[in-house]
Amino acid sequence: MKLTMLTGMAGNDFSLAPGEVTDRFSKDEAKRLVDLGHAEKAPPPKKPETKKEWEGEREELLAEVVRLQAELESGKVREAALQEQIAPLLKLQDAISPFLPVSATETTNSLGVDEKRD
């Protein structure tokens with residue numbers, strides 16, 4: 001069920017602002033949020049009725065696609081720039097790590113795993 005949030009809400013993997021429409025909750029959770037006054041059922045989306053409205057919606061969607069494609073390309077350029085910065089840092093790490101105390105280089109990349117130190 002789609003809800004329109006009336007209050008802000010956040011969890012470990014989400015954040016919702018008042019007025020935001022979401023369908024992330026189960027039917028029971030959604031009913032509970034509505035009953036508590038934190039959300040209301042979202043109205044069904046309005047479908048275009050005339051050819052002009054359909055064309056307007058199509059143009060908006062095409063503009064959004066162009067914007068998202070540009071954002072993707074920008075992200076790829078930024079990723080490449082960051083990769084170029086990482087390579088020399090990894091070389092530096094390899095060069096200096098033999099001179100560092102063992103405890104300074106110990107890390108764990110896994111969540112929920114206790115780190116063991118001497």
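The exercises below, each with a worked solution, go through a predicted model of one protein chain.

Residues are numbered from 1 along each chain as its sequence is written. Because the model is predicted, local features need pLDDT of at least 70 and side-chain atom pairs count only at pLDDT 80 or more, while totals for chains, interfaces and linings use all residues; side-chain values use heavy atoms, with hydrogens and water left out.

**Exercise 1. Describe the secondary structure of the chain and say what share of its residues is buried.**

Step 1. Begin with the elements, which are DSSP runs numbered from the N terminus, helices being H or I runs of at least four residues and strands E runs of at least two. The chain has three helices and five strands, and from the N terminus on these follow the order β-β-β-β-α-β-α-α.

Step 2. Turn to burial, where buried means under 20% relative accessible area, exposed over 50% and partly exposed in between, with a 1.4 Å probe and protein chains only. Of the 118 residues in the chain, 10% count as buried.

**Exercise 2. Work out the order of strands in the open sheet of three strands, and place Thr4 and Thr22 in their strands.**

Step 1. Strands of a sheet pair through backbone hydrogen bonds, either parallel or antiparallel. Two strands are taken to pair if DSSP finds at least two bridges between them.

Step 2. In this open sheet the order is S4-S1-S5, and the pairing is antiparallel. S4 and strand S5 (39-41) are the edge strands, since each pairs on one side only.

Step 3. Strand S1 (residues 3-5) pairs with S4 in the antiparallel sense over two bridges. Thr4 lies in strand S1, and its bridge partner in S4 is Val21.

Step 4. Thr4 is buried, with a relative accessible area of 13%. Contact means heavy atoms within 4.5 Å, and, not counting residues up to four places away in sequence, Thr4 touches several residues, among them Val21, Ala39 and Glu40.

Step 5. Thr22 lies in strand S4 and counts as buried at 10% relative accessibility. Leaving aside neighbours within four places in sequence, Thr22 is in contact with Met1, Lys2, Leu3, Met5 and Leu16. The side chain of Thr22 also reaches the backbone nitrogen of Arg24 at 3.1 Å.

**Exercise 3. Classify the aromatic pair in the structure, and explain which parts of the chain the pair ties together.**

Step 1. A pair of aromatic rings is described by the distance of the centres and the angle of the planes. Rings of Phe, Tyr and Trp (its six-membered ring) pair if their centres lie within 6.5 Å, and planes under 30 degrees apart count as stacked, over 60 as edge-to-face and the rest as tilted.

Step 2. The structure holds one aromatic pair. The ring centres of Phe14 and Phe25 are 6.0 Å apart and the planes stand at 90°, so the pair is edge-to-face.

Step 3. Phe14 is in the loop between strand S2 (9-10) and strand S3 (15-16), whereas Phe25 is in the loop between strand S4 (21-22) and helix H1 (27-35), so the pair ties together parts that are 11 residues apart in sequence. Phe25 is buried, with a relative accessible area of 12%.

**Exercise 4. Find how Glu57 is placed in the chain, and state whether Glu57 is buried, partly exposed or exposed.**

Step 1. Glu57 belongs to helix H2 (residues 51-96).

Step 2. With a relative accessibility of 33%, Glu57 counts as partly exposed.

Step 3. Glu57 and Lys47 are 10 residues apart in sequence, and their C-alpha atoms are 9.6 Å apart in space.

Key. Polar contact = N/O pair within 3.5 Å; in protein donor to acceptor, adjacent residues only side chain to side chain.
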